[in-house]
Each structure stands twice: as C-alpha cells, then as structure tokens.
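This report walks a new reader through one protein chain, starting from a single residue and widening to the whole. Please keep the sequence and the 3D view at hand while reading.

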Amino acid sequence: IRQRRPWALILCACALLAAAGLLLSRRLSWHGSESAGALQLTRVTSDPGLTTDPAISPDGKLLVYASDRAGDGHLSLWVRQMAGGQPVRLTFDAADNVQPDFSPDGTQIVLRSEREGGGIYAIPTLGGEARLIE
C-alpha cells in the first residue's frame, strides 16, 4: 500500500474551499443585484422594415443605427436622442451604410459604406459630409 502524501490532501481541500467561496460570492453578487432593482428593457426604435447595428454614444445620449426605413432599398444611418424624439437621417447615398459606431469623444460616427467601391467613412454625429478614412 502506497502512502498518501499529506500535501496532496491539503491541496485538494484548498481547491474545494476556493471553489465553494467562488460559488458563494457569485450567489451573493446576484442576490445583491436583484435587490438593487430588476433589469429593465426599453424599446428605442420602432422603424418599419429592417433596423440593425445599433450603437450608443459614449455619453449615453444618442443612438445611431442602420435602417431601410427611407424605402429606397438601401440601409441608411439614423441618429436619435435616447430621451425620445424622431430619428434624423445621416446618410443619403444610394449604397448600404452599416456598422456605425461613435468616436471616443462622440463627435464623429464611423461606418462601413458600399459607396464608391466600399470603405470605412466618418461623418459628424449631427450630420454632414461623410469622408473616406480607410
């Protein structure tokens, strides 16, 4: 009969205690978040047709997304205030404009466009001329 090494038993006991502690801390953190309030989902767009690729500005005040709501057969970018109001169309060209995202300072929106052979463009957040950046 081989002798068991006491350090192996101690190591196994430590691993079990660590796992139990992790499970307990996760359970407590979930319980704490439930007592702070339930997760609330809010609908922010109600466009007819396809609406895709949403992005929220760094300050949380604006939403930009791609939509075919204009009815011209292409995805255009639209921006709206998170607090409400009507969306404002940012792109008007006859090409799909998708995958928008805000610059870190929130002054520009970068997007992928199929115009002029395709590429990455930047447009001022509140509208203006899009310029090719890549």
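Arg80 is found in strand β3, which spans residues 76–81, in what is a predicted model. Because the cut-off for a buried residue is under 20% relative accessible area, Arg80 counts as buried with its relative accessibility of 11%. Leaving out residues up to four places away in sequence, Arg80 touches Val44, Lys61, Leu62, Leu63, Tyr65, Gly85, Gln86 and Pro87. The strand around Arg80 is mostly covered as well, since five of the six residues of β3 are buried.

**The sheet that holds β3**

β3 belongs to an open sheet of four strands, arranged in the order β1-β2-β3-β4 with antiparallel pairing. At the edges of this sheet stand β1 (51–56) and β4, each of which pairs on one side only. In general, the strands of a sheet pair through backbone hydrogen bonds, either parallel or antiparallel.

On one side, β3 pairs with β2 in the antiparallel sense over six bridges, and within this pairing Tyr65 stands opposite Trp78 of β3. On the other side, two bridges join β3 to the antiparallel strand β4, residues 88–89. There Trp78 stands opposite Arg89 of β4, while Val79 has Val88 as its bridge partner in β4. The hairpin of β3 and β4 has six residues between the strands, and in this hairpin Gly84 takes a positive phi near 130°.

**The second sheet**

Another open sheet is formed by four strands in the order β5-β6-β7-β8, again with antiparallel pairing. Its edges are taken by β5 (97–102) and β8 (131–132), each with a single partner strand, so one side of each is left without a neighbour in the sheet. Within this sheet, β6 (residues 108–113) and β7 (residues 119–124) run antiparallel and are joined by six bridges, with Ser113 standing opposite Gly119 in β7.

The following table gathers the strand pairs for which the bridges have been described.

| Strand pair | Bridges | Sense |
|---|---|---|
| β2 and β3 | six bridges | antiparallel |
| β3 and β4 | two bridges | antiparallel |
| β6 and β7 | six bridges | antiparallel |

**Two residues of β6**

Is Val110 buried or partly exposed? Val110, which is found in strand β6, has a relative accessible area of 30% and is therefore partly exposed. Apart from its neighbours within four places in sequence, Val110 is in contact with Gln99, Pro100, Asp101, Tyr121, Ala122 and Ile133. The C-alpha atoms of Val110 and Thr125 are separated by 9.2 Å, although these two residues lie 15 residues apart along the chain.

Ile109 touches Val64, Leu77, Leu90, Pro100, Asp101, Phe102, Tyr121, Ala122, Ile123 and Thr125, when residues up to four places away in sequence are not counted.

**The nonpolar core**

Which residues touch the most other members of the largest nonpolar core? Of the 15 residues in this core, they are Val64, Leu77, Leu90, Phe102, Ile109 and Ile123. The elements that give two or more residues to the core are β2 (62–67), β3, β5, β6 and β7, and the largest share, three residues, comes from β2. In soluble globular proteins, nonpolar side chains tend to be buried together.

**The chain as a whole**

Seen in full, the protein chain contains one helix and eight strands, which follow the pattern α-β-β-β-β-β-β-β-β when read along the sequence. Buried residues make up 28% of the 134 residues in the chain. The chain exposes about 9700 Å², of which carbon and sulfur atoms supply 58%. Among the contacts with a separation of 6 or more, 19% are accounted for by residues 24 or more positions apart.

How far the predictor trusts its own result should be kept in mind. The mean pLDDT of the protein chain is 81, and 72% of its residues reach 70 or more. Over residues 23–32, however, pLDDT stays under 50, and the model has zero contacts beyond four places in sequence for this stretch.

Notes
Residues are numbered from 1 along each chain as its sequence is written. This is a predicted model: local features need pLDDT of at least 70, side-chain atom pairs count only at pLDDT 80 or more; totals for chains, interfaces and linings use all residues. Side-chain values use heavy atoms; hydrogens and water are left out. Two strands pair if DSSP finds at least two bridges between them. Buried means under 20% relative accessible area, exposed over 50%, partly exposed in between (1.4 Å probe, protein chains only). Contact means heavy atoms within 4.5 Å. Accessible areas come from the Shrake-Rupley method with a 1.4 Å probe; for residues, only the protein chains shown count as cover. A nonpolar core is a set of buried Ala, Val, Leu, Ile, Met, Phe, Trp, Tyr and Cys residues joined through side-chain atoms within 4.5 Å. pLDDT is the predictor's confidence in each residue, from 0 to 100.
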